[in-house]
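Here are my notes on the model you sent, set out as numbered points. Please read them with the structure open beside you.

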There are 2 protein chains.
Amino acid sequence: MELRHLRYFAAVAETLNFRRAAERLRVAQPALSKQIRDLEHACGTRLFDRNTKRVRLTDAGTALLDEARALLTRAEALPQLARDAAQGRRGRLTLGNSAALTGGFLPAALAAFQARFPEVEVNLVEIRLRQQQKALRSGGIQIGIVAELSDGEGDEFECLRVVRSPFVAVMARRHPLARSRRVSLHDLASQRLLAVAPDQDGRGHAAVLRELFQNRGLRPPYFRTVDSSSSLMAMVAGIQGVSILPGVYEDRLAGELVTKPIDMAGENTFTLWAVWQKKDPSQLVRNFVEVLRKRTVRRNAG
Amino acid sequence: MELRHLRYFAAVAETLNFRRAAERLRVAQPALSKQIRDLEHACGTRLFDRNTKRVRLTDAGTALLDEARALLTRAEALPQLARDAAQGRRGRLTLGNSAALTGGFLPAALAAFQARFPEVEVNLVEIRLRQQQKALRSGGIQIGIVAELSDGEGDEFECLRVVRSPFVAVMARRHPLARSRRVSLHDLASQRLLAVAPDQDGRGHAAVLRELFQNRGLRPPYFRTVDSSSSLMAMVAGIQGVSILPGVYEDRLAGELVTKPIDMAGENTFTLWAVWQKKDPSQLVRNFVEVLRKRTVRRNAG
DNA sequence: TCACAGTGATCGTTTTGAGCGATCACTGGA
DNA sequence: TCCAGTGATCGCTCAAAACGATCACTGTGA
């Protein structure tokens, strides 16, 4: 069976007249009759009750007509669908996320992309930093979101800084430190510090915080890890300690929590990167990166 | 574009090898290459990234594959669908109902048919008795449900008695008449009688009741019509009067109401008929009638 | 580095079957 | 009874699907 059979069938069903249907299809009537006969043979049942004076759909024909029309419509849409996919307006895009904390960045970026490319299905998978390169190469993911860049492979991958935000101290509104306008790393080092537990590779929030202090020669005596960022928030709100988070988090903190800038010379910047294969010609990836780039520019400007 | 293109495309997409795909399709490789080229031309975009060593789906190809598979599956199901329709296992069946009261018969019959032929979509339309013949001829309905048969046209239509039930008196549990074991038409004639209002043709419940009394030379002095059967039930339950209904209704009466057999010689039988065109070859109609017939036999036997 | 196995593309030829024109047989209305 | 109009049939034509032989290219492994 071919779509031609369905096209011819639909034409006859609509005109209920072989000659006029043939005319509409720009073929001769015998050719049309033959195709209908072939279709009926393939179905194993008559589709039209016909004699030289009247043509009527049988029950089988009536049932087939709906389905045939649906199929023809979908088939007609295929080329446009392929073109849309080629231009990255449709398809599937899988992001790998290895950053323990991304703040509001990821939801906002996904929402912006969704608004611009509503037909694209975006999947987000959690993936360890070390496995990102492999996943990017194998096609498991097309874009990675990381808080720190791996060394080397500069030729193979391209990246874009999507978040750049100073760290801030976070504490409960009723915490003693909440009265000062600014705090220093020294102040924080003597507090009960909380951080999200590191992953198998020893990366993540806890590692970053340790490094911050280590760079200033500080070793906080009380340093405790919790299993998730939501646990961390709850414990900070419960005055069980304080923490340090990227400033981009400020928007999302509940009313119980306050943030303070940290007095700190030099590097205290939290950075998020998007990474993707340089040679990947996928328009899907280009479109996503384009959305990221626009957002980055806009936020830096505003 | 033809289904052949999609079949060939799917084969290549699955093997990612033109020669093996061609082998599976039992065509020569050059023929396959040509069809793929034609499909790509029709889509206006490449579907495969290919060289002499590797074949990979492009984004457009990936998107097309899902849709192509879906289309092919549906297309393959068409012949079976047509055969199902030819055998009355699928399609649309429209029933015309002109009987004011059908009791539990119609829901039960529809449910039985639905259980036996789940793929058939049954529509039920209210239609006046006088317009049934026209609707049956024009194909507006395929089967009519009537409480009285029209005269003549015995050659054109066939009918089946689907309900045959004596009339019973209906009253509230606290109604004085509810204490007797049986009632007579004479008893009822002196009561406040309620009936569902007749339609434009003067048919329906009220007409039938009037006739019942008239046949015995009775003219009930208090005879009131209400607009629907549910209003009637409510008013009877509210001890505003009594009524006479087909016995098949007994099952559906609420706890407030009781029924009594009526002492009455001769005809006091409520009858429902199914009517359909004798010449209608539709297997759908035959199947429905067959279900009705089985139910009738079973109920007469049980 | 180079031979080579294996691939998709190309080309000219063959074969299939969709389509054509002429015609027939049938139907139902005038 | 005639006749206009229809779908079916038949033999032929021709477009295009398919074929076989071959080429050019690629990545692999010796």
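1. In this predicted model, the two helices α1(B) and α4(B) are oblique to each other. The description rests on helix α1 (residues 3-15) of chain B and helix α4 (residues 59-86) of chain B packing at an angle of about 125°, a value that counts as oblique because it lies neither in the roughly perpendicular range of 65 to 115 degrees nor over 145, where helices count as roughly antiparallel. Their axes are 9 Å apart, and α1(B) passes α4(B) in a left-handed crossing.

2. As for the residues that make this packing, α1(B) contributes L3(B), L6(B), R7(B), F9(B), A10(B) and A13(B), while α4(B) answers with G61(B), L64(B), L65(B), A68(B), R69(B), L71(B), L72(B) and A75(B). Sorted by class, the contact of α1(B) with α4(B) has 11 nonpolar residues, 1 polar residue and 2 charged residues.

3. How are chains A and B related to each other? Chain A is superposed on chain B by a rotation of 180° with 0.0 Å of shift along the axis, and the RMSD is 0.1 Å. The two copies are thus related as by a two-fold rotation axis.

4. The contact between the chains involves 31 residues of chain A and 31 residues of chain B. On the side of chain A that touches chain B, two or more residues come from each of α1 (3-15), α3, α4 (59-86) and α10 (283-301) of chain A, and the largest share, 16 residues, is that of α4(A). By class, this side of chain A divides into 17 nonpolar, 7 polar and 7 charged residues. Since 100% of the interface residues of chain A are also interface residues in chain B, the copies meet through the same surface.

5. The last point concerns DNA strand D. Of the 19 residues around this strand, those that come nearest are P30(A) and T52(A) from chain A, together with V27(B), A28(B) and T52(B) from chain B. The elements that each supply at least two residues of the surface near DNA strand D are α2 (18-25) and α3 (29-43) of chain A and α3 (29-43) of chain B; α3(B) gives the most, with 4 residues. The residues of this surface divide into 7 nonpolar, 7 polar and 5 charged.

Notes: Residues are numbered from 1 along each chain as its sequence is written. Chains are lettered from A and ligands numbered from 1 in the order in which they are written. This is a predicted model: local features need pLDDT of at least 70, side-chain atom pairs count only at pLDDT 80 or more; totals for chains, interfaces and linings use all residues. Copies are superposed by least squares on the C-alpha atoms of residues with pLDDT of at least 70 in both. Two residues are in contact if their C-beta atoms, placed from the backbone, lie within 7 Å. A residue is near a molecule or strand if its C-beta atom, placed from the backbone, lies within 6 Å of it. Ala, Val, Leu, Ile, Met, Phe, Trp, Tyr, Cys and Pro count as nonpolar, Asp, Glu, Lys and Arg as charged, and the others, Gly among them, as polar. Axes are lines fitted to C-alpha atoms, for helices over the stretch in contact, and angles run from 0 to 180 degrees between N-to-C directions. Angles under 35 degrees count as roughly parallel, over 145 as roughly antiparallel, 65 to 115 as roughly perpendicular and the rest as oblique. A crossing is left-handed if the near helix is turned anticlockwise from the far one by less than a right angle, and right-handed if clockwise.
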